[in-house]
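Student: I have a model to go through. Can we take it element by element?

Tutor: Yes. Here it is.

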Amino acid sequence: MPGVVLIGAQWGDEGKGKITDLLSRDYDYVARFQGGNNAGHTVIVGDRTLKLHLIPSGVMYDNVTPIIGNGCVLDLKVLIDEIDRVESEGISCERLIISSNAHIIMPYHLDLDEASERRLGKNLIGTTKRGIGPAYQDKISRMGLRMQDLFDRSIFKEKVAAALIEKNDVLAKVYDLPTYTVDQIAEEYLPYAERLKPYIQDTSPLLNDALDEGDWVLFEGAQGTLLDIDHGTYPFVTSSNPIAGGAAVGTGVGPTRVDRVLGVAKAYITRVGSGPFPTELSCKDGDTFIDVGHEFGTTTGRRRRAGWYDAVITKYAAQVNGLTDLCITKLDVLSAFPTIKICVAYEHLGKTYTSVPGHQSAFHHAKPVYEEMPGWNVDITGCRTFEDLPVEAQNYIKRLEELAGVPVTMIAVGPDREQTIHNGFLQRS
Ligand code: GDP
Ligand code: IMO
Ligand code: MG
């Protein structure tokens with residue numbers, strides 16, 4: 001005890017990396033449980049900035065064993081490059097452990113992600129084009145390759161050959177793209193096996209034993225609740241389960257091992273890629289979020305879409321994740337506004353919704369109903385306790401807490417690890 005799951009409560013990029021890094025001081029293990037290098041998690045400590053895509057954000061601490069769980073999909077070249085980059089910063093990846101059951105992103109997954117987006121035209125998902133969807137598709141179709149396959153040359157080649165029967169057909173006949181041979185793929189991938197061998201283990205028994213021993217385990221989510229394949233804004237979602245339940249599936253521990261679920265949400269909201277977004281702003285206020293909040297994707301550099309905080313979405317996230325705690329990040333960005341809006345409901349065809357509408361059409365056309373609160377217009381990046389915050393900021397947090405029905409036990413007031421207010425979230429004594 002305890003197992004703590006940290007997830008994104010919006011559409012991703014909530015600041016999960018910063019909060020995971022900060023909390024990691026108290027943990028023995030930090031485990032990623034889904035997603036791949038579609039994720040971009042930024043960790044800032046003093047003048048050092050670390051952008052992580054696959055390696056868990058706890059890697060900076062000597063006390064942490066970072067784990068990449070079975071629920072993740074791995075681009076091996078990106079993984080090796082990231083290990084090298086992190087080590088070149090003087091941070092050791094020696095303790096990193098990668099699940100032997102995690103799936104591998106193959107070269108044809110990248111081609112198919114790109115080609116399928118092109119084919120969708122104006123209806124594209126706006127994926128990160130990292131091959132994530134096609135890799136999960138193959139996992140579910142039982143056609144995927146797993147990390148353990150790298151260590152048996154003949155099995156690896158056999159499985160690649162089986163996959164290529166279908167993949168080459170689709171590449172050539174549907175998309176008019178070049179095909180692959182088994183040898184070509186084996187030549188590129190099998191040398192990765194040598195390099196990655198020291199990191200590979202069955203991580204499920206490892207984490208279960210650790211929890212039995214009383215070690216502290218932090219499960220680090222990628223993406224966010226509204227990008228969940230089952231509970232997000234389908235089809236404008238990612239292909240995994242970023243919600244808290246995904247932590248059990250994606251690491252092989254039972255749901256009873258999870259003691260706390262911390263949802264991370266920005267004090268406003270952003271999304272990258274296509275899909276509905278009720279509070280999206282296309283006016284000057286939208287630009288202010290982008291300029292002041294530096295809202296450009298960590299992975300693709302794309303400009304994020306931005307809008308006022310949507311309390312209907314956070315309430316939904318509280319339900320589907322079973323949130324026990326909420327962390328509000330980027331509160332400092334709201335210092336730029338004289339008044340602040342919160343979306344408390346939607347309207348569609350004369351009906352008012354205080355929960356996420358069950359039918360996608362109502363959500364796509366939902367008009368936000370706003371509540372307005374006074375802003376504070378002063379720099380809050382130096383605040384370190386709740387009482388340090390201007391009373392208007394305190395009232396804003398209290399209102400978010402009330403609307404979500406979940407206590408706000410952490411508040412971030414700047415990108416640096418230190419720029420955080422501990423407001424009651426579980427700490428190791
Ligand atoms: P993640 O994907 O959830 O880890 O979030 P990203 O790292 O993609 O995006 C969050 C961005 O906001 C990063 O650039 C962080 O450095 C930055 N950030 C995190 N918390 C705060 C905060 O409280 N204030 C400000 N101004 N920036 C923050
Ligand atoms: P982190 O972990 C924000 C979005 C993409 C696209 C959709 C599907 O940094 O919060 P995919 O490549 O996953 O098939 O794309 O999901 N997306 C993210 N948006 N943050 C992320 O990760 C994202 N990972 C994927 O923009 O809309
Ligand atoms: Mg991100």
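Student: Which residues of strand β2 (residues 29-32) are buried on one side and which on the other?

Tutor: This is a predicted model. Buried here means under 20% relative accessible area. In a regular strand the side chains alternate between the two faces of the sheet. Both faces of β2 are covered: on one side the buried residues are Tyr29 and Ala31, on the other Val30 and Arg32.

Student: In which sense does β2 pair with strand β5 (residues 65-68)?

Tutor: Four bridges join β2 and β5. Val30 stands opposite Pro66 in β5. The sense of the β2 and β5 pairing is parallel.

Student: What is the bridge partner of Tyr29 in strand β10 (residues 217-220)?

Tutor: β2 also pairs with β10, in the parallel sense and over four bridges. In β10, the partner of Tyr29 is Val217.

Student: Why is helix α1 (residues 16-23) described as largely enclosed?

Tutor: Look at its buried residues: Lys16, Gly17, Lys18, Ile19, Thr20, Asp21, Leu22 and Leu23. α1 is largely enclosed by the rest of the structure because the buried count is eight of the eight residues.

Student: How do the contact residues of helices α2 and α6 divide into nonpolar, polar and charged?

Tutor: The axes of α2 (residues 76-88) and α6 (residues 182-196) come within 10 Å and cross at roughly 35°. That crossing is left-handed. α2 supplies Leu76, Lys77, Leu79, Ile80, Ile83 and Asp84, and α6 supplies Tyr189, Tyr192, Arg195 and Leu196. The division is seven nonpolar, no polar and three charged.

Terms used. Residues are numbered from 1 along each chain as its sequence is written. Chains are lettered from A and ligands numbered from 1 in the order in which they are written. This is a predicted model: local features need pLDDT of at least 70, side-chain atom pairs count only at pLDDT 80 or more; totals for chains, interfaces and linings use all residues. Side-chain values use heavy atoms; hydrogens and water are left out. Axes are lines fitted to C-alpha atoms, for helices over the stretch in contact, and angles run from 0 to 180 degrees between N-to-C directions. Helices (H or I, at least four residues) and strands (E, at least two) are DSSP runs, numbered from the N terminus. A crossing is left-handed if the near helix is turned anticlockwise from the far one by less than a right angle, and right-handed if clockwise. Contact means heavy atoms within 4.5 Å. Ala, Val, Leu, Ile, Met, Phe, Trp, Tyr, Cys and Pro count as nonpolar, Asp, Glu, Lys and Arg as charged, and the others, Gly among them, as polar. Buried means under 20% relative accessible area, exposed over 50%, partly exposed in between (1.4 Å probe, protein chains only). Two strands pair if DSSP finds at least two bridges between them.
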